[in-house]
Amino acid sequence: MRSPETTPWHSASWQSKPVQQQPAYSDVKALERAVAHLSRLPPIVVSWEVEALRERLAAAQRGQAFLLQGGDCAETFADCESDTIAKKLKILLQMSLVLLHGLKKPIIRVGRMAGQYAKPRSADMETRNGLTLPSYRGDLVNRPEFTAEARTADPELLLRGYERAALTLNFVRALVDGGFADLHHPEYWDLGFVKHAQLKEAYQRIVSSIGDALDFFEGISGRGVHEATIVDFYASHEGLHLLYEQAQTRFITRQNRWYNLSTHLPWIGMRTAQLDGAHIEYFRGISNPIAVKVGSAMDAAWLQGLVATLNPQNQPGRLTLIHRFGARDVETSLPRAIEAVRQTGQTVLWVCDPMHGNTETTSGGFKTRRFENILKELDVAFRIHAEMGSYLGGVHIELTGDDVTECTGGARGLTDADLQRAYRSSVDPRLNHEQALELAMLIAERSQSRRHPHAV
Ligand code: PEP
Ligand code: CO
């Protein structure tokens, strides 16, 4: 038998493998039409941006940069509005500013946005009061309302999703290019609803310290630091719906390679990372930097198989492993994972997702995450990587720029009872603006104290 790396690949070769988490469409002709249409539409990103991101991720892998990847668990079509998008961009920029100041390294900003519309589900069907309907799989597939019509997988939504991804990224690019992301003007990123005085004050101190540093540098060099102060911003989503991903996969003659041009950094979720499965087959053939979510159920052989299949040439920046063990398991699972990858002799970028291993349901029936568990998993992850001579080069966070109450804890001490006030996610609970900013502050502070353990 030929090993998977040497069997011929093409953008539809995944179709001969067992596939998980794909919707069942009743109108096959309509599906074919939608996919054919999607294949003719222009790409959302271009290959040289994708290559630039891979090079930046390679720097993170060497310990010279840090990845901040964040956004909604699932974007919705309804949230494709200027205010929601600008607020999400703003909190990511604010967090990156705080991390830049604390970690003293370039921050690579990647949104879970402009295409994060498809969700894996634990069950294909959902039953309520005796009625059984297909599960909601994200706006790319169907609608969350519990009616037969809303839950029917509709191929047209693939086109609507593509359009909204393009609209979102177009707006983000315009904001970034237009100066919204210029470090000289952090006042554009005002703190919105952040009311917590200490948090606000700490953030203002960081902003003015960066302002002073820029003034100082520009003063002594006699020129602007324009290049360094306009930030880049990249998009990512879970590459789950393989017909959608395939339709946006293009052969770029100039590079002589295939790229998924629906996003810069697609990732493989925990539930679709089977070594012999369709997702691994699809991902091995595209040239984007890619990521895989890693949970406790993945043993050494599985991890080593992923590394061998997805990055056979050991190309720097190609493979990011996003571990999501949970505060309870990280202590035992992480050292094993680091050791397993080390035995392959290959290098990866390690990133911690402290969200998905820490989801719980309250007695009131809300899916939530506790800030203290999120922080604990991060703390343990930073410590273990350092102890093992490895480098934790990024964080992956579910957040929103809005004032929601979906995760408990944080400086304002949200409790289970607060969750009903503004719980808006139809999938996983997100940190709100204030909690996300606080998390960035805590990561930055702790990294400073690790670098200067005796400073007071
Ligand atoms: C997610 O990132 O929303 C997700 C489903 O994560 P995981 O695959 O890690 O469970
Ligand atoms: Co999620």
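Colleague: What makes the pairing of the H356 and D428 side chains a polar contact?

Modeller: The two side chains approach to 3.0 Å. A polar contact is a pair of N or O atoms within 3.5 Å; within protein, one must be able to donate a hydrogen and the other to accept it, and residues adjacent in sequence count only if both atoms are side-chain atoms. The value of 3.0 Å is within that limit, so the term applies. The side chains of H356 and D353 are likewise joined by a polar contact, at 2.7 Å. This is a predicted model, in which local features need pLDDT of at least 70 and side-chain atom pairs pLDDT 80 or more, while totals for chains, interfaces and linings use all residues. Side-chain values use heavy atoms, without hydrogens and water, residues are numbered from 1 along each chain as its sequence is written, and chains are lettered from A and ligands numbered from 1 in the order in which they are written.

Colleague: Why is H356 called buried or exposed?

Modeller: Buried means under 20% relative accessible area, exposed over 50%, and partly exposed in between, with a 1.4 Å probe and protein chains only. H356 has 17%, and therefore counts as buried. H356 sits in the loop between β11 (349–352) and β12 (360–361); helices (H or I, at least four residues) and strands (E, at least two) are DSSP runs, numbered from the N terminus. Beyond four places in sequence, H356 touches R112, K293, R324, R369, E398 and D428, where contact means heavy atoms within 4.5 Å.

Colleague: How do you know which residues surround ligand 1?

Modeller: A residue is near a molecule or strand if one of its heavy atoms lies within 4 Å of it. The residues around ligand 1 include H356, R112, K119, K293 and R324. An oxygen atom of ligand 1 lies 2.8 Å from a polar side-chain atom of R112. The distance is also 2.8 Å for K119, and 2.8 Å for an N or O atom in the side chain of K293.

Colleague: Why is S96 called buried or exposed?

Modeller: S96 has a relative accessibility of 1%, so it is buried. S96 belongs to helix α3 (residues 82–103), and a polar atom of its side chain is 2.8 Å from the backbone oxygen of L93. Apart from neighbours within four places in sequence, S96 contacts L68, I107 and R109.

Colleague: What makes the phi of K104 and of N129 worth noting?

Modeller: Neither residue is a glycine, yet phi is positive: about 55° for K104 and near 45° for N129. K104 lies in the loop between α3 and β2 (107–112), and N129 in the loop between β3 (125–128) and β4 (131–134).

Colleague: Why are K104 and N129 called buried or exposed?

Modeller: K104 has a relative accessible area of 52%, so it is exposed. N129, at 86% relative accessibility, therefore counts as exposed as well.

Colleague: Why is A65 called buried or exposed?

Modeller: A65 has a relative accessible area of 3%, so it is buried. A65 is in the loop between α2 (47–61) and β1 (66–71). Its C-alpha atom is 4.9 Å from that of P106, although 41 residues separate the two along the chain. P106 is also among the contacts of A65 outside four places in sequence, as are K105, I108 and Y391.
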